[in-house]
Amino acid sequence: MSTSSRMLAAIMFADIVGYSALMQRDEHAAAKMRAKHRHVFNSLHDKNNGKIIQYYGDGALSIFKSAVEAVTCAVAIQQKLRSGDIVVPLRIGVHVGDIVLSDAEVYGDGVNIAARIEGIAESGSVLISSRLNDDLVNHPAFVTQSLGFFDFKNIEKRMEVFALVDDELIIPKKQQQNRSDRFRDKSIAVLPFVNMSPGKDDEYICDGITEETIIALSKIEGLRVTSRTSSFYFKGQQLPITQIGAELNVSTILEGSLRIIGSKMRLRVQLIDVSQDTLFFTETFERSIENIFAVQDELSLLIADRLREEMGHLEFTDQLVDDPEVSIELYKDYLKARYHVLKMNKTHLEIGISIFNKIIDRDPTFLKAYLGMHLAYSLLGTLGQMPAEEAFAIGSPYLEKAIELDDENPECQIQLAYIAFLQKWDIASAFQHLNNARKIRPTTDFYQTMASITSAQKNIVGALNYADEALKMDPLSNINYHLKGFIYYVDEQYKEAQVWFQKSMAMDDDFMASKLYYGQSLLLSGQVKAGQIFFEQFEEDENDLTKIGGLTLAHILSGNLKKAKAGISRIKKAMNTALAQHAMLFLPPIYTHMKDEEEAMNVIENIVLLKMPMAVYLFSEPLLKPLHSNSRFQELRLKVLGEPTVTPLPPVKIKMSLFKQNELLTYRQTLKKLMETEKPFLQPDLTLRRLAEYINLSTNRMSQLLNEGFGKSFSEYVNAYRLDCFKLKARDSSNQHLTILAIAYDCGFNSKTVFNTYFKKKMGVTPSAWVKDNS
């Protein structure tokens, strides 16, 4: 288990403005500036009880136990760095929030918010969040000024930001507040590949390659990849890329097509920048279908390389797709079976099960086939197309076999976590399995499960963070909307809960869990009549007690005891049917609000005795709040959930540098000399990998050298040289016979779109307008 500790802390982000440009002009002066920066930071953090978590490039991340100490330190740092012979232009952002500290890392949205605030600061300023500003109200020594409200990327609500006012500090001007966020969002959605084959039967291969690409890219740390569910929502829809990108909240879209004729396949892919709506990469693969595993890995690595070149440092291994070591025919059958299963209706599920059975007969060691069978039966039970208990019983041995074959598989680890949580009530083991799964590959299931466990523990901050991460990866999943609603429900924020349950129901009107909790949230918020009307609209269903259970609660809360007792009688009769366990879950809140605490506790004890999986949620159920002080209730809670544990929040990690300071300076000088003498940027097909080979660095280290040493991605770094080359040649009268695009190509640009977009971004005008003014 992690030794992480959760705490409320003040988080400071700071960096030197213009440091990368200074390094290029005068490395000696930059080194002196950095030395002063480090000395002042170390001494003032010691004085103000601050802890420096990480120096990164030209900046630093640190934490303090109090807002006052953080702000005192920030002001003192600016005063020191703005005085003397060496002036260090620093910007600082500070926020107070819930974080988790683990060894040399700090996690949590608080870190992200502090970074965003620092990103809109100016040299010499200290900007703080509204939450931290509230903590300074009783400290007249600090004067602040509101800069207004800001929309920060990946932060759900607009945030008010304040500037500290002091004779030694700068207050940002309006035009500086509006500059773009310097942190580019590293996110991508892989849209379903289009089947261009003459035979439409090959569509299952398209879907399989799409899914494998999603899985492969999700292994890259620091890259947020939209899950399959949300990506496939747009299958067959002809919508603008900007609209899809906005709905999925990603910066980049990967789309492609596949054409299979005989044993040959042609795979075409392209990457699109959503904000610019421009294509920045395209590639076509023509291969034998027999090499599909190698092609999937080649494709994933190539896409990963191009994303790293555009977005900045991303770290990944040299293999992203594992060879399942089965024949191509068996693998094609697997893709076909999974294609049918994910259609999620009874006919297709049965077809998928039939194919999986044949695969297992041919190769009893093929792990994915067992996971496919388990998924198929889980869906049959969950979707009500087969009695749930029967479906889960049939599917369970397939999961057990999959775990036997490879218990380190992330899907197996997630399932083991569910078993530990819902069946064994071993929270520590559940977290261990989840951590194991996340190390291999973070998935939506990981965040959903963490949100479920932490909400059961009433760790609201942690649960909301995990639910938010799940929503980022899968923004079109009603399960994620339901989860967020459930967390607010547990926290007794019923109005907020209703909003999220409504979103869930809008996406899936048949999802009974959201309907139940939405109705209960109406009752608990005092809207008893509205809750009663809501439950009355349900259709009678002999296989579901939601309507009668909800109405019985409504009748109790409205004082209609005659109807309430009739409802209780019907629920008690269901105790002798297949709905017995469902009935038992309704009885504790019903007895509690009938003021029969003894009977409510008796039912809860039976639920625990029977090891019913849903027992884990009883102890965070607001309807049972009157029982919280009951000693029997407390003992049972301890038996089911154990002692409260600290769980890590979704990470916003600050990676340790791959370079020591002297190494960084040496490699910077080496790369700079290479670019000026050998001019590799003139090569239109120059890649990060090839540039790394020039100075004998690994690709990962080269990526971080550009990121940390120059503050740029590969594309930004190389295109800056190409742009300087273009401006020089365009001013040269001997080149007047060449077109603008010919000069651009001569300087290494390999695309008209990339050249025009980059030029306008950097120069503020079109290339033709600039040439006209500078010829």
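The following questions and answers concern helix packing, a buried loop residue and salt bridges in a predicted model.

Q: How are α19 and α21 oriented relative to each other: roughly parallel, roughly antiparallel, roughly perpendicular or oblique?
A: The axes of α19 (residues 478–490) and α21 (residues 512–524) come within 11 Å and cross at roughly 30°. Angles under 35 degrees count as roughly parallel. The two helices, α19 and α21, are therefore roughly parallel.

Q: Is the crossing of α19 and α21 left-handed or right-handed?
A: The axes of these helices approach within 11 Å. In passing α21, helix α19 makes a crossing that is left-handed.

Q: How many nonpolar, polar and charged residues form the contact of α19 with α21?
A: From α19, the residues His482, Phe486 and Tyr489 take part, and they meet Ala513, Ser514, Tyr517, Gln520, Ser521 and Leu524 of α21. By class, this contact comprises 5 nonpolar, 4 polar and no charged residues.

Q: Is Phe234 buried or exposed?
A: Phe234 is located in the loop between α8 (228–232) and α9 (241–248). Beyond four places in sequence, Phe234 touches Leu239, Ile244, Glu247, Leu248 and Leu476. The cut-off for a buried residue is under 20% relative accessible area. Because its relative accessibility is 4%, Phe234 counts as buried.

Q: What distance separates the C-alpha atoms of Phe234 and Leu191?
A: Phe234 and Leu191 are 43 residues apart along the chain. Their C-alpha atoms are separated by 7.2 Å.

Q: Which residue meets Glu286 in a salt bridge, and in which strand does that residue lie?
A: The side chain of Glu286, in strand β14 (residues 278–288), takes part in a salt bridge with an N to O distance of 2.6 Å. The pair links distant parts of the chain, 20 residues apart. The partner is partly exposed, with a relative accessible area of 44%. That partner, in strand β13 (residues 264–273), is Arg266.

Q: How far apart in sequence are the parts that Glu492 and Lys625 tie together?
A: The side chains of Glu492 and Lys625 meet in a salt bridge (3.0 Å, N to O). Glu492 is partly exposed at 30% relative accessible area, and Lys625 is likewise partly exposed at 44%. Glu492 lies in the loop between α19 and α20 (494–507) and Lys625 in the loop between α26 (597–609) and α27 (631–641), so the parts tied together are 133 residues apart.

Q: Which helices are linked by the salt bridge of Glu598 with Arg632?
A: The closest N and O atoms of Glu598 and Arg632 are 3.3 Å apart. The two residues are 34 residues apart, and they lie in helices α26 and α27.

Methods
Residues numbered from 1 in each chain as written. Predicted model: local features only at pLDDT ≥ 70, side-chain atom pairs only at ≥ 80, totals over all residues. Heavy atoms only, no water. Axes fitted to C-alpha atoms, helices over the stretch in contact; angles between N-to-C directions. Helix = DSSP H or I, 4+ residues; strand = E, 2+ residues; numbered from the N terminus. Parallel < 35°, antiparallel > 145°, perpendicular 65-115°, else oblique. Left-handed = near helix turned anticlockwise from the far one by under 90°. Contact = heavy atoms within 4.5 Å. Nonpolar A, V, L, I, M, F, W, Y, C, P; charged D, E, K, R; others polar. Buried < 20%, exposed > 50% of the residue type's maximum accessible area, 1.4 Å probe, protein only. Salt bridge = Lys/Arg side-chain N within 4 Å of Asp/Glu carboxyl O.
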